[in-house]
Amino acid sequence: MHIGLVGLGRMGNNMRARLRNAGIEVTGYDANPAVSDVADLGALAAALPEGKKLVWVMVPHGKITDDVITDLAGVLGEGDLVIDGGNSKWLDDTVHAEQLAANGIRYMDAGVSGGVWGKDNGYGLMVGGAAEDVEFAMPVFDALRPEGPREEGFSHAGGIGAGHYAKMVHNGIEYAIMQAYGEGYELLEAKDIITDVPAVFAGWQRGTVVRSWLLELMVLALNEDPRLDAIEGYVEDSGEGRWTLEEAIEHAVPMPAISASIFARFVSRQGSASPTMKAVAALRNQFGGHAVKKA
């Protein structure tokens, strides 16, 4: 199989490598010519074999994604398929699908989790779209997802928009889990009876009910900087948590843990030196390569 991949940043470049390692031929385009395989999107479309072409978009949500979709509408044709694997808002998927459908181009959305570790570990995938398009793209999904049973690393969540909606909720949950680990870290640090906080977190990795990949990343962060002295307690958010709360309000679903975790991030930007937020910032850096403010 031969696909096009638009966006070769932190995740896109790693995805290209993982796909190629699995035997998927990839032609990639990026605005940075140093990493791009072709000069523009027209050349990318021309490089793909005749028949139903597949182009995966992996660029930041918002105007950049909008512009790429508009440009692809002009270079792809009847029956081709575009998959948006970025963190677009699920409401944008309907707009993009209708825009491409006017030219007979198919559309799917894919929520992608795995961060900078996905190249080696695989990516958790949540997709939205028609069943026939899922079937067509399944070799790509299978190459990207982790090894093991498909249903444990891939889900066809529903129609167009369902993949990004599922990823939005996933990230909202992630906010709350990271906040809980951060608060636990701060309390352990505050109690003088605890003499080795990193050892406590390391000892939770097997057998305990709070073990998880995020816990493993917390251990990595503490191994690098046991008291997180090098990190400022300043935490950004990339949008999905806010969208999750918007949906919670719309459907009257109480979300006290997730809402508290988001508001804690806002407080961190007002000069908080909280050890909790240092830990959350360290976790974001570990799994996603997100920038941190140095102390």
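**Figure 1. Helix α11 in the predicted model, its length and its buried residues.** Helix α11 covers residues 256-268, and at 1.5 Å a residue its 13 residues should span 18 Å, which agrees with the 18 Å that separates its end C-alpha atoms. Ile 258, Ser 259, Ser 261, Ile 262, Ala 264, Arg 265 and Ser 268 are the buried residues of α11. These buried residues pack against α7, against α10 (240-250) and against α12 (275-288).

**Figure 2. Val 253, in the loop between α10 and α11.** With a relative accessible area of 41%, Val 253 counts as partly exposed, because that category lies between the 20% below which a residue is buried and the 50% above which a residue is exposed. Val 253 and Ile 193 are 60 residues apart in sequence, and their C-alpha atoms are 40 Å apart in space.

**Figure 3. Helix α4 and its buried face.** For the 12 residues of α4, a rise of 1.5 Å a residue gives an expected span of 16 Å, and the end C-alpha atoms are 17 Å apart, which agrees. The buried residues in α4 are Asp 93, His 96, Ala 97 and Leu 100. Seen down the axis of α4, its buried residues fall within an arc of 105 degrees, so they line one face of the helix. A general rule helps in reading this view: an α-helix has 3.6 residues a turn, so residues three or four places apart point the same way. What covers the buried residues of α4 includes the helices α3 (63-75) and α7 (162-190), together with the strands β4 (81-84) and β5 (106-113).

**Figure 4. His 96 and its contacts.** His 96 belongs to helix α4, which runs over residues 90-101. Is His 96 buried or exposed? His 96 is buried, because its relative accessible area is 2%, and buried means under 20%. When residues up to four places away in sequence are not counted, His 96 touches Thr 65, Asp 66, Ile 69, Asp 84 and Tyr 107.

**Figure 5. The open sheet of 7 strands, with mixed pairing.** The strands of this sheet follow the order β2-β1-β3-β4-β5-β6-β7. At the edges stand β2 (25-29) and β7 (154-158), and each has a single partner strand, so one side of each is left without a neighbour in the sheet. From one strand to the next, the twist averages 25 degrees. Strand β1 (residues 2-6) runs parallel to β2 and is joined to β2 by 5 bridges, and Val 6 has Tyr 29 of β2 as its bridge partner. Helix α7 packs on the sheet, where α7 touches β4, β5, β6 (124-128) and β7, and the direction of α7 makes about 15 degrees with that of β5.

**Figure 6. The largest nonpolar core, with its 26 residues.** Within this core, Ile 3, Leu 19, Trp 56, Ile 83, Phe 141 and Leu 144 touch the most other members. At least two residues of the core are supplied by each of β1, α1 (10-21), β3 (54-57), β4, β5, β6 and α6 (131-144), and α6 gives the most, with 7 residues. Leaving aside neighbours within four places in sequence, Leu 144 is in contact with Met 15, Arg 18, Leu 19, Trp 56, Gly 122, Tyr 123 and Leu 125. A second, separate core has 24 residues, among them Phe 201, Val 219, Ala 221 and Ala 279.

Conventions:
Residues numbered from 1 in each chain as written. Predicted model: local features only at pLDDT ≥ 70, side-chain atom pairs only at ≥ 80, totals over all residues. Heavy atoms only, no water. Helix = DSSP H or I, 4+ residues; strand = E, 2+ residues; numbered from the N terminus. Buried < 20%, exposed > 50% of the residue type's maximum accessible area, 1.4 Å probe, protein only. Contact = heavy atoms within 4.5 Å. Expected span 1.5 Å × (residues − 1). Arc of directions from axis to C-beta. Pairing = 2+ DSSP bridges. Axes fitted to C-alpha atoms, helices over the stretch in contact; angles between N-to-C directions. Core = buried A, V, L, I, M, F, W, Y, C linked by side-chain atoms within 4.5 Å.
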